[in-house]
Amino acid sequence: MEFLNKLLYVPISELPFYLVTLLIAFTVHEFSHAYFAYRFGDPTAKMLGRVTLNPTVHFDFFGIVLLLIAGFGWARPVPVNRDNFDKPRLMGIIVSVAGPLSNLLLAVLGSVIYAALLQSGVVSPFMVEDKLQQAIHIFFSTFIVMNFFLCLFNLIPLPPLDGYRIVEDLVPRRMLGILHRFEQWSILVFLIILVVPTFRLYTIVPLYGAANALAEHFLIFFRVLFGA
C-alpha cells in the first residue's frame with residue numbers, strides 16, 4: 001500500500017473517486033467531439049461507434065494510468081475528417097472546443113450540486129467523522145477540480161491536445177506547412193514540459209492551482225447564490 005501511495009499522483013484512499021471522475025469526464029469529453037463532428041456531416045466517429053456515452057470505447061489505458069501516476073493523461077482521440085464539413089475551419093474549431101467546454105460544464109454542474117447540498121444542509125462541512133459525508137466531499141471536490149483541470153489542460157496549444165487543433169484551424173493556410181513540420185517535434189516538447197519536474201512547475205502545477213482556484217470561486221458563488 002505504501003508503494004502505491006508513492007507511485008500514484010493521487011492518494012490511494014481517493015483513487016476510486018478519481019476513477020469515477022475520469023470515467024465521466026473523459027467519456028463526456030470524447031462524446032462531445034464525436035457528436036458535433038457527426039452533426040456537422042462527418043460520419044467517421046459514428047462509423048467507429050464513438051458517438052456514444054459508453055466509456056469503454058473512449059478510454060485509453062495508458063492515458064488513464066499516466067494521469068494517475070503523473071497527473072496528466074488522455075482518452076482515445078476521436079478521429080475527425082474536416083473535409084466532410086461544409087465550413088471545415090469553423091466547424092473544426094467548434095468540434096475541438098466541444099471537448100474542453102464539456103469539462104467546463106461538468107465542473108460548473110458539479111459546483112451547483114455541491115453548493116446546493118451544502119446550503120440545504122444535506123451535506124455538512126463539519127461532519128468530518130461521518131464516512132458518507134467524507135465520501136461526498138472527496139467526490140465533489142475531485143470531480144469539480146479535475147474537470148476544470150481537464151478543460152484548461154486540453155486547451156494547451158500542443159499536439160495531441162485540442163488547443164493545438166484549434167490553432168491549426170485558426171492560423172492562415174500558408175502557415176499550416178510550418179505548423180505540421182513542427183508537429184513531430186512539438187509532441188516531444190509536450191512530453192518534456194509535462195514530465196521533467198522543473199518544467200512541470202510551470203505547466204501542470206499552475207494548471208492544478210488554477211483549477212483549484214476556479215473550483216473554490218464557483219463553489220463560493222453558488223453557495224452565496226443559494227443562500228440569498
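A polar contact, as the term is used here, is a pair of N or O atoms within 3.5 Å, of which, within protein, one must be able to donate a hydrogen and the other to accept it. The structure is a predicted model, and this definition gives a convenient entry to it through His29.

His29 belongs to helix H2. The side chain of His29 carries a polar atom that lies 3.1 Å from the backbone oxygen of Gly99. A polar contact also joins the side chain of His29 to that of Asp162, at 3.0 Å. Beyond four places in sequence, the residues touched by His29 are Gly99, Pro100, Ser102, Asn103, Asn154 and Asp162. His29 has a relative accessible area of 3% and is therefore classed as buried, the limit for that class being under 20%.

The helix that holds His29 may be considered next. H2 spans residues 15-39. Its 25 residues reach 36 Å from the first C-alpha to the last, close to the 36 Å expected at 1.5 Å a residue. After H2 comes Gly41, which has a positive phi, near 110°. For comparison, most residues other than glycine have a negative phi.

Asp42 is located in the loop between H2 and helix H3 (44-47). Its relative accessibility is 0%, so Asp42 counts as buried. Setting aside residues up to four places away in sequence, Asp42 touches Ala37, Pro79, Val80, Asn81, Asn84 and Phe85. A polar atom of the Asp42 side chain lies 2.7 Å from the backbone nitrogen of Asn81. Asp42 and Asp83 are separated by 41 residues in sequence, and their C-alpha atoms are 8.1 Å apart in space.

Asn81 itself is in the loop between helix H4 (61-70) and H5. With a relative accessible area of 31%, Asn81 is partly exposed. The side chain of Asn81 has a polar atom 3.1 Å from the backbone nitrogen of Asp83. Not counting residues up to four places away in sequence, Asn81 touches Asp42 and Thr44. A separation of 39 Å lies between the C-alpha atoms of Asn81 and Leu219, which are 138 residues apart along the chain.

From this loop the chain leads to helix H5, which covers residues 88-120. Ser96 is placed in H5. The relative accessible area of Ser96 is 3%, and Ser96 is therefore buried. The side chains of Ser96 and Arg82 make a polar contact at 3.1 Å. Apart from neighbours within four places in sequence, Ser96 is in contact with His33, Arg82, Asp162, Arg165 and Ile166. Asp162 is thus in contact with Ser96 and with His29.

Asp162 also leads to the largest pocket, which has a volume of about 470 Å³. Its lining comprises 21 residues, of which Pro77, Val78, Pro160, Asp162 and Arg165 are the closest to the centre. The lining divides into twelve nonpolar, five polar and four charged residues. At least two lining residues come from each of H2, H5, helix H6 (131-153) and helix H7 (162-170). H2 gives the most, with four residues.

Pro160, one of the residues closest to the pocket centre, lies in the loop between H6 and H7. The peptide bond from Pro159 to Pro160 is cis, with omega near 10°. By contrast, most peptide bonds are trans.

Another loop, between H5 and H6, contains Val122. Val122 has a relative accessibility of 54% and so counts as exposed, for which the limit is over 50%. When neighbours within four places in sequence are left aside, Val122 is in contact with Leu117 and Gln133. Val122 and Gln133 are eleven residues apart in sequence, with a C-alpha to C-alpha distance of 9.3 Å.

The last element to be considered is helix H10, residues 204-227. H10 has 24 residues and extends 34 Å from its first C-alpha to its last, close to the 34 Å expected at 1.5 Å a residue. Its buried residues are Ile204, Leu207, Tyr208, Ala211, Ala215, Leu219 and Phe222. The spacing of such residues can be read against helix geometry: an α-helix has 3.6 residues a turn, so residues three or four places apart point the same way. The buried residues of H10 pack against H5, H6, helix H8 (176-195) and helix H9 (197-200).

Methods. Residues numbered from 1 in each chain as written. Predicted model: local features only at pLDDT ≥ 70, side-chain atom pairs only at ≥ 80, totals over all residues. Heavy atoms only, no water. 1 Å grid on protein atoms, 1.4 Å probe; cavity = no way out; pocket = protein on both sides within 12 Å on 5 of 7 lines; lining within 4 Å. Points joined across faces, edges and corners; volume = space filled by probe spheres on them. Nonpolar A, V, L, I, M, F, W, Y, C, P; charged D, E, K, R; others polar. Expected span 1.5 Å × (residues − 1). Buried < 20%, exposed > 50% of the residue type's maximum accessible area, 1.4 Å probe, protein only. Contact = heavy atoms within 4.5 Å.
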